[in-house]
Amino acid sequence: MASKEDKAADAKRNTLRAGPDAEGQFGLFGGRFVAETLMPLILDLETAYEAAKNDPAFQAELTNLLLHYGGRPSPLYYAERLTEHFRDIARDAGGTGGAKIYFKRDELNHTGSHKINNCLGQIQLARRMGKTRIIAETGAGQHGVAVATVCARFGLPCEIYMGATDVARQAPNVARMHMLGAKVNPVTAGAGTLKDAMNEALRDWVTNVRDTYYLIGTAAGPHPYPAMVRDFQAIIGNEVREQMMEREGRLPDTLVACIGGGSNAIGLFHPFLDDEGVAIYGVEAGGHGVEVENGHAASMSGGSPGVLHGNRTYLLQDAEGQILEGHSISAGLDYPGVGPEHAWLKDTGRVNYVPITDKEALEAFQLSAKLEGIIPALEPSHALAWVTKLAPTLPQDNILVMNMCGRGDKDVFAVAGYLGIKL
Amino acid sequence: MTKTNETRIDRRFAALKAEGRAALVTFVTAGDPDLETSKAILAGLPGAGADVIELGMPFSDPMADGPAIQASSLRALKAGHKMRDTLAMVREFRKTDNDTPIVLMGYYNPIYVYPNAAFLDEAAEAGVDGLIVVDTPPEVDGELCLPAIERGINFIRLVTPTTDDKRLKTVLKNTSGFLYYVSITGITGAASANPDHVEAEVARLKRATTLPVAVGFGVRTPEQARAMAKGADGVVVGSALVRTIEDTLTQDGVATGNTVGSVLSLVGRLSAALREA
């Protein structure tokens, strides 16, 4: 009989969940591509995170915070009217399909999205490392609000870099960050979106590297960020497993989540990667359409491998390796890269990555609002748009879970503008 | 890995050591503000007093550089500059100057998509002597650094105030040509370091390596260059030159009759300061 160690080794070889390797890589992707000034700090962070991860006191404090401050576990909601809607569509087309739709309600977390899961984890780590100042980048501002929140909660000064374009289109979140005591620095370089905010945050970090902790909001950046953010977000998928066993007595058949950098998606997907029967879909921002040059932010469907912001991953870039800005109606998705674990999951074929256009996302936004009384953020509206296409084609006993990773309060003004509603 | 006096960089630093002065290492971005002006600046640098030339490979997202160098990259890219133009500039320069070392400096992605092997072959053939690729730490030496060394190209590393003695060993392992001491934590063109502090740090590096040490970041004026050169083998000036280019342009970013002359004149003053030191 195989020893316990042998079994553990076998399990590791046969799992899609063991990454990254010792170099911080998921296959070709990931790694550490940063300036020398940051390397010693990145290595320190890796050591500190490994120690924290294995420290029961750290985990206990985090669990406590997630429960009483973050509002976890988030509910798993059966979206009955949407389910019926898709079954009607299937029937009208002469079919018998229409999957059973569940929403993982991560928009009900404190601060309105899944971002708080990661921020509570990283702020605990920053405190443990004795850092006295926090910086972060933000696109839609959901991550910025979550960072400002945990900094207020633990009394640490905080500066948020946000593209000037995003400052304009996500005004409610900018106001929240101010109220929470954060300093918001608008970035005018480039198109003034998430990529440019990340460049500025990296510049701040290079300058103030000794006392400053860079709280990255998505599962991208240099190792160990992609693995660390994934670990903090995996609570989403772990809860879905438990809740689904309680509700349906079995695992779901289909998972769907939107992808910008990909933190909510990897959080949902990761605990299910080894469950072969579970089909997994990541939904990218197709903007005006992936065939429109620089008119989308679908780095996997319409990009190629390259090195940016400390990791190798799929990027929106031209033939010369210059980074393109990308476009999405959603400020949280218009990042020209993607987390390296997603890049690897695409190449291995385990996860299917599909683009959804701005128009399709807006239609899904309205569908959710009207049929379920849930106003979603524009980000998960992309995921829902894919569900709209997929669900009618699946049999009725197919259980589909979509991560409703953010609420649409922040997008009310922007969507009203697109729909021509005068406020 | 490379023995002394084998490359143009080694020969140049050895010759200056014999002269008893520090090297003036000048940085300009290839193709800034346009290819023809950039070629004229490059051709004029040795005569104006540049001992080693760093030629920037334009990149859209230079995360470790400040606004001046980022703007120079964007000017070059807007003018349609491509990596093959950078290599062609070096090839042309070599027709008339076989002594002045040229180091290409930039970020990994434009090299990675070129891709690596083709880039290194063409760079070696064009007469490139060294590479500084800001976002390829020693941890990924297998990808670019070791193949560069195989082709006789020096791989020059940055050492920063956060590089402790233990890490310094890692950084030095595959470094050749010279060591670039970044005198501040921060981006290019930012505040200047305290020269006394820099002198002590350079002394620390000299105890760990026989490689020449050049000091950069925050050096703008001839006086600063002279102060930073104390104990060092070279001084790097970049943002100040690039800003000088910017200052001579029309409102639309077009070069004027002053562009080349202004840059070369500043190089001349910096060079004179080092010769007087």
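Domain bounds here come from an automatic or database domain assignment. With that in mind, welcome to chain A, shown as a predicted model.

**Two domains**

Chain A is split into two parts, and neither is a single unbroken stretch of sequence: domain 1 takes in 31-52 + 64-70 + 114-225, while domain 2 takes in 76-111 + 233-419. If you look for their C-alpha centres, you will find the one of domain 1 of chain A and the one of domain 2 of chain A 24 Å apart. Where they touch, 39 residues of domain 1 of chain A meet 37 residues of domain 2 of chain A.

**The surface they share**

Together, domain 1 and domain 2 of chain A bury about 3000 Å², and carbon and sulfur atoms give 56% of that area. Three residues are worth finding on the domain 1 side: Phe33(A), His114(A) and Lys195(A) supply 25% of the area that domain 1 of chain A buries against domain 2 of chain A, more than any other three residues.

Polar links also join the domains. Between domain 1 and domain 2 of chain A there are 17 residue pairs in polar contact, counting pairs with both residues at pLDDT 80 or more. Several elements of chain A each bring at least two residues to the domain 1 side of this contact, including strand β2 (29-33) and the helices α3 (56-70) and α5 (115-128). Helix α9(A) gives the most to that side of domain 1, with 6 residues. Sorted by class, the side of domain 1 of chain A that touches domain 2 of chain A holds 16 nonpolar, 16 polar and 7 charged residues.

**Salt bridges**

Across the whole structure, a search finds 46 salt bridges over all chains. Between domain 1 and domain 2 of chain A the count is 2 salt bridges. Here are two salt bridges to look up in the model:

| Salt bridge | Closest N and O atoms |
|---|---|
| Lys195(A) with Glu325(A) | 3.4 Å |
| Arg169(A) with Asp166(A) | 2.9 Å |

Lys195(A) has already appeared among the three residues that supply 25% of the buried area on the domain 1 side. As for Arg169(A) and Asp166(A), both sit in helix α7 of chain A, 3 residues apart, or about one turn of the helix.

**What the record adds**

For residues 72-403 of chain A, UniProt lists "domain: Tryptophan synthase beta chain-like PALP", in an unreviewed entry. In the model, the end C-alpha atoms of residues 72-403 of chain A lie 14 Å apart, and the span is 42% helix and 20% strand.

Note on methods: Residues are numbered from 1 along each chain as its sequence is written. Chains are lettered from A and ligands numbered from 1 in the order in which they are written. This is a predicted model: local features need pLDDT of at least 70, side-chain atom pairs count only at pLDDT 80 or more; totals for chains, interfaces and linings use all residues. Side-chain values use heavy atoms; hydrogens and water are left out. Contact means heavy atoms within 4.5 Å. Buried area is the accessible area (1.4 Å probe) that two parts lose on being put together, summed over both. A salt bridge is a side-chain nitrogen of Lys or Arg within 4 Å of a carboxyl oxygen of Asp or Glu. A polar contact is a pair of N or O atoms within 3.5 Å; within protein, one must be able to donate a hydrogen and the other to accept it, and residues adjacent in sequence count only if both atoms are side-chain atoms. Helices (H or I, at least four residues) and strands (E, at least two) are DSSP runs, numbered from the N terminus. Ala, Val, Leu, Ile, Met, Phe, Trp, Tyr, Cys and Pro count as nonpolar, Asp, Glu, Lys and Arg as charged, and the others, Gly among them, as polar. UniProt positions are given in the numbering used here, feature names are shortened, and annotations may be inferred rather than shown by experiment.
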